[in-house]
Amino acid sequence: MGKRRREYEAGQIVSVMDRGELWLATVLEFAPSRGCKVHFNGWKSSYDTWIPAEEIHTEREGKAQEANRQRARAKKQKQQAEERRQKSEMSNARVYITELPGKQTPAALAEQFRVDGICHIPQAVGGAVVDKAHDASLNWFNHCVKQLSTLGLMQELMDRGFAELKTRHTGRFDFQVPLFSSQASVSGFTGGEAAWTCVVKRILGDDCVYLHSGVMLSNGGSHAQPWHSDGAHLSE
């Protein structure tokens with residue numbers, strides 16, 4: 001291979017190695033003694049940094065790795081779409097409870113929701129299930145944070161988040177807990193045995209399907225969460 005260029009111009013597209021992968025970047029400044037100050041394309045300016053000239057790669061190399069990442073993302077999105085489809089089929093196949101504990105009926109609670117925008121389902125979840133879900137949520141969150149900290153990805157969690165764990169605001173996190181869909185001890189939150197399902201079907205109709213469950217964790221002193229779009233939908 002020929003020797004790489006050692007001089008660059010502002011605005012030139014190059015690629016830079018970070019975390020074992022090449023990323024496209026734009027040259028902001030060039031100084032022979034320091035190399036290139038670059039801006040990582042698609043990232044915040046807080047990530048702008050100086051890179052030695054000998055560590056700069058060509059735009060072509062970066063585009064090749066970006067194409068690989070896009071293919072990987074497309075594959076993951078396809079897998080997630082298939083998982084949502086399977087969940088939809090499973091939800092439609094469930095046998096839902098039709099009665100609630102206590103004196104309130106699904107019809108009465110659905111009407112309360114239509115009038116007030118909220119309804120209270122009595123004895124919807126037992127204390128033992130809540131305790132197990134609480135422990136499972138904290139254990140999974142702490143596990144994720146430990147892994148991200150080890151990998152040096154905590155700043156990325158704060159800035160952008162991940163599909164499985166997102167920062168909604170300071171001290172407030174939104175994430176999925178794998179055990180919720182695999183552990184029978186907390187299955188009372190979801191599925192046909194959950195007390196809320198018959199009320200939801202009264203409100204949305206019998207063709208509504210369960211797609212997703214997650215946890216909102218708010219630590220002490222957390223900020224209010226801004227409005228945002230919530231998840232994917234089966235239709236427009």
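Which helix is included in what covers the buried residues of α2? In the predicted model, the cover over these residues includes α6, spanning 197-204. Helix α2 itself comprises residues 106-116, and its buried residues are P106, L109 and A110. These residues lie on the same side of α2, because the arc they cover around the axis is only 100 degrees. The exposed residues V115 and D116 are carried on the face of α2 turned away from its buried side. After α2 comes G117, with a positive phi near 80 degrees.

The overall composition of the protein chain was examined next. Its secondary structure consists of six helices and eight strands, and along the sequence these follow the pattern β-β-β-β-β-α-α-α-α-β-β-α-α-β. Of the 236 residues in the protein chain, 28% are buried. Among contacts with a separation of 6 or more, 54% involve residues that are 24 or more positions apart. The protein chain has an accessible surface of about 15500 Å², and carbon and sulfur atoms contribute 53% of this area.

An open sheet is formed by five strands in the order β4-β3-β2-β1-β5, with antiparallel pairing. Strands β4 and β5 (56-57) stand at the edges and have a single partner strand each, so one side of each is left without a neighbour in the sheet. In general, strands of a sheet pair through backbone hydrogen bonds, in either a parallel or an antiparallel manner. Strand β1 (residues 13-18) is joined to β5 by two bridges, and the two strands run antiparallel. Within β5, H57 stands opposite S15.

Aromatic residues link strand β2 to a loop beyond β3. A search of the whole structure finds five aromatic pairs, one of which is formed by W23 and W43 in an edge-to-face arrangement, with 6.2 Å centre to centre and 85 degrees between the planes. W23 lies in strand β2 (residues 21-31), whereas W43 belongs to the loop between β3 (35-40) and β4 (49-51); the pair therefore ties together parts that are 20 residues apart in sequence. W43 is buried, because its relative accessible area is 18% and the cut-off for burial is under 20%. W43 also pairs edge-to-face with Y47, at 5.4 Å centre to centre and with 80 degrees between the planes. W23, W43 and Y47 thus belong to one aromatic cluster. The ring of W23 has a further partner: the charged end of R69 sits over this ring, 3.7 Å from its centre.

Further pairing involves strands β6, β7 and β8. Strand β6 (residues 165-169) is connected to β7 by four bridges, and these strands run antiparallel. The bridge partner of H169 in β7 is R172. The hairpin of β6 and β7 has two residues between the strands, and G171 takes a positive phi near 75 degrees there. Four bridges also join β7 to strand β8 (residues 215-218), again with the strands running antiparallel. In β8, S218 stands opposite R172.

The side chains of a regular strand alternate between the two faces of the sheet. In strand β7 (residues 172-175), R172 and D174 point one way, while F173 and F175 point the other way. All four of these β7 residues are buried.

Methods
Residues are numbered from 1 along each chain as its sequence is written. This is a predicted model: local features need pLDDT of at least 70, side-chain atom pairs count only at pLDDT 80 or more; totals for chains, interfaces and linings use all residues. Side-chain values use heavy atoms; hydrogens and water are left out. Rings of Phe, Tyr and Trp (its six-membered ring) pair if their centres lie within 6.5 Å; planes under 30 degrees apart count as stacked, over 60 as edge-to-face and the rest as tilted. Buried means under 20% relative accessible area, exposed over 50%, partly exposed in between (1.4 Å probe, protein chains only). A charge sits over a ring if NZ of Lys or CZ of Arg is within 6 Å of the ring centre and within 35 degrees of the ring normal. The arc is that of the directions from the helix axis to the C-beta atoms. Contact means heavy atoms within 4.5 Å. Two strands pair if DSSP finds at least two bridges between them. Accessible areas come from the Shrake-Rupley method with a 1.4 Å probe; for residues, only the protein chains shown count as cover.
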